[in-house]
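Colleague: Could you take me through one part of this model in detail? I would like a close look at the largest pocket and what surrounds it.

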Amino acid sequence: MAEIKCIGIVTSGNDAPGMNAAVRAVTRSAIYNGFRVKAVFRGYKGLIDGDIHEFKTQNVSSIIHHGGTILKSSPSKDFRSEEGRKKAFENMKNEEIDALIVIGGDGSITGARIFAQEYDIPCIGIPATIDNNLFGTDTTIGYDTALNTIMECVDKIRDTATSHERLFFVEVMGDDAGFLALNGAIASGCEEAIIPSVMTSEEKLTNFIHNGLRKTKSSSIVLVAANENDGGAIHWAEVVKNKYPEIDVRISILGHLQRGGTPTAHDRIIASRMGSASIEALKKGLRNVMIGIDNDDIVHVPFSKVIRENRRIDHDLLDILHNISI
Ligand code: F6P
């Protein structure tokens, strides 16, 4: 196995709060351990375009508290093609990068897996997405911050909901996984969460309104996981308006508010731990694994497993939401 002297670092896919803390940890741990560090800008696109710059410890000063990513990120169609990946590999060789740390979500890990297999490059993934939908880790960088943002927003919306005795449908991100919707609903005392993987039906929703809302509550908040297939909060609000015209229904779509902002202590800490662990993993000779956290321990999850398996919704959490929102 070729000796690793220089490590590349890239943030790819959608930004997530805490990515900068991970960039800082990777850079500083690598330098501490005697490696050179090269930062790839604008995701895999930067690898193809040669947008690569040497990083010293000062390059990551005063970034731990900022959301987004100082390395910037950008989707790269070209990295999906063999030709694009060939160019990326040539640039890596020209820059003398021997290993790559990829910070991102499922698309980024999928890209890393294909690239690593094709060119026999040691790659380590660090899970960063607000969706928390990666298999093999209890949590991803950015999820806790997004959850807290949702909670703060819903707390504010609740003031109007209770004052005006309204039913709010609040749409949150989270892809089709629904973790933000479910845990966001529990954290903010919502009455219901509509999650695609749990098969929500109009019948269930109207049952909920009939049995719960109309009997014991004069206001209510339902979190809806944004979902292309069912029209999200707008659709569910229409369903209720048609069936119960007497209910005062409102919609709030939180959107990209949820992706930004100062990372929480939890996200900074896991980003720092995972960043350091990625360098330790390379030192141990590990390749093509994602760093995860399982029961507060660092674990190494093969890329193949991360991509093949789905992280499932915990049905006990759904029960808790329903039982304590009566
Ligand atoms: O992956 C994070 C995420 O916020 C998803 O929850 C959401 O579906 C998607 O990104 C939105 O991406 P875009 O910024 O392209 O609208």
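Modeller: Happy to! The domain bounds used here come from an automatic or database domain assignment. That assignment gives domain 1 (6-142 + 263-308) and domain 2 (144-260). This is a predicted model, where local features need pLDDT of at least 70 and side-chain atom pairs pLDDT 80 or more, while totals for chains, interfaces and linings use all residues. Residues are numbered from 1 along each chain as its sequence is written, and side-chain values use heavy atoms, leaving out hydrogens and water.

Now to the pocket (on a 1 Å grid over the protein atoms alone, an open set of points where a 1.4 Å probe fits, with protein on both sides within 12 Å along at least five of seven lines). The volume of the largest pocket, the space filled by probe spheres set on the points, is about 990 Å³. Its lining, meaning residues with an atom within 4 Å of a point, has 37 residues, and Gly13, Asn14, Asp106, Gly107 and Ser108 are the closest to the centre. Both domains give residues to this lining, so the pocket lies between them. Helix H4 (residues 106-119; a DSSP run of H or I, at least four residues, numbered from the N terminus) gives the most, with six residues.

As for the two domains themselves, their centres, taken over C-alpha atoms, are 34 Å apart. Their contact (heavy atoms within 4.5 Å) takes 13 residues from domain 1 and 13 residues from domain 2. One salt bridge (a side-chain nitrogen of Lys or Arg within 4 Å of a carboxyl oxygen of Asp or Glu) is counted between domain 1 and domain 2.

Notes:
Helix = DSSP H or I, 4+ residues; strand = E, 2+ residues; numbered from the N terminus.
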